[in-house]
Amino acid sequence: MNIELKENTLTPEEFIRLRVDAGFMEVPYAQAEKALENGLFTVSAYHEEKLIGMGRLVGDGSMYWYIQDVAVLPEYQRKGIGSAIVERLISHAQGSLTVPWASIGLTARKGKEPFYEKLGFENIYQVKNGAETVAFLRYENLTLEIYENGAASER
């Protein structure tokens, strides 16, 4: 299957439609528009010009990054698309580091914890949210080694 990943092209209309089609709550257009404007980075997955998946990075763009709205249409799940989206989001955060330490966090739906754990996230605690357990996970491998001349490289 030929999947194309695009960066920072997600429109509010696409965002809303994919959320609904993937089983997430619908959000008003103005809220979707503002969320995309204030986000740091988006990745959209396409199959034959059809939007089939997405993910966003939000946060301060320096120390704290949060992965939000990872969604893949049900008929395209378990094909590596979600993993490719999350890995591209992580790669973007790593490529943007200018400080010696940073982390990526996310909130996973109940039952999705193993998906994120296989991508290097750690379940740091769980809380009850209504009838659903929500896991908060953190990716800890975002560090830079700072050298005397001011150059930085990933460790």
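Where in the protein is Tyr 116 found? The legends below work towards that residue, starting with the whole chain of this predicted model.

**Figure 1. The overall layout of the predicted model.** Welcome to the fold: its secondary structure comes to four helices and eight strands. Read from the N terminus, the elements follow the order β-α-α-β-β-β-α-β-α-β-β-β. The protein has 155 residues, and 40% of them count as buried. If you take the contacts between residues at least 6 apart in sequence, 56% of these join residues at least 24 apart.

**Figure 2. Helix α1 packing against helix α2.** Two packed helices are described by the angle between their axes and the distance between the axes. Here α1 covers residues 12–21 and α2 covers residues 29–38; they pack at an angle of about 110°, and their axes are 9 Å apart. That angle makes α1 roughly perpendicular to α2. The crossing of the two helices is right-handed. From α1, look for Pro 12, Glu 13, Phe 15 and Ile 16, which meet Tyr 29, Ala 32, Glu 33 and Leu 36 of α2. Sorted by kind, the residues of this contact are six nonpolar, no polar and two charged.

**Figure 3. The buried side of helix α1.** Which residues of α1 are buried? They are Pro 12, Glu 14, Phe 15, Ile 16, Leu 18 and Arg 19. An α-helix has 3.6 residues a turn, so residues three or four places apart point the same way. The buried residues of α1 pack against α2 and against three strands, β2 (41–47), β3 (50–59) and β4 (64–72). Just after the helix you will find Gly 23, with a positive phi of about 95°.

**Figure 4. An aromatic cluster of Phe 115, Tyr 116 and Phe 121.** A pair of aromatic rings is described by the distance of the centres and the angle of the planes. The count of aromatic pairs comes to two. In one of them, the ring centres of Phe 115 and Tyr 116 are 4.8 Å apart with the planes at 80°, so this pair is edge-to-face. The rings of Tyr 116 and Phe 121 have centres 5.9 Å apart and planes at 85°, so they too form an edge-to-face pair. How accessible is each member of the cluster? Phe 115 counts as partly exposed, at 22% relative accessibility. Tyr 116 has 8% and counts as buried, and Phe 121, at 4%, counts as buried.

**Figure 5. The surroundings of Tyr 116 in helix α4.** Here is the reply to the opening question: Tyr 116 is found in α4, which covers residues 113–117. Setting aside its neighbours within four places in sequence, Tyr 116 is in contact with Val 70, Val 86, Leu 106, Ala 108, Phe 121 and Leu 137. Of these, Phe 121 is already familiar as a member of the aromatic cluster.

**Figure 6. Ser 83 of helix α3 and its contacts.** Ser 83 is found in α3 (residues 81–95). Is this residue buried or exposed? With 12% relative accessibility, Ser 83 counts as buried. Beyond its neighbours within four places in sequence, Ser 83 is in contact with Phe 115, Lys 118 and Leu 119. How far apart are Ser 83 and Tyr 116 in sequence and in space? They are 33 residues apart in sequence and 8.5 Å apart in space, C-alpha to C-alpha.

Definitions and conventions. Residues numbered from 1 in each chain as written. Predicted model: local features only at pLDDT ≥ 70, side-chain atom pairs only at ≥ 80, totals over all residues. Heavy atoms only, no water. Axes fitted to C-alpha atoms, helices over the stretch in contact; angles between N-to-C directions. Parallel < 35°, antiparallel > 145°, perpendicular 65-115°, else oblique. Left-handed = near helix turned anticlockwise from the far one by under 90°. Contact = heavy atoms within 4.5 Å. Nonpolar A, V, L, I, M, F, W, Y, C, P; charged D, E, K, R; others polar. Phe/Tyr/Trp six-rings, centres within 6.5 Å; stacked < 30°, edge-to-face > 60°. Buried < 20%, exposed > 50% of the residue type's maximum accessible area, 1.4 Å probe, protein only.
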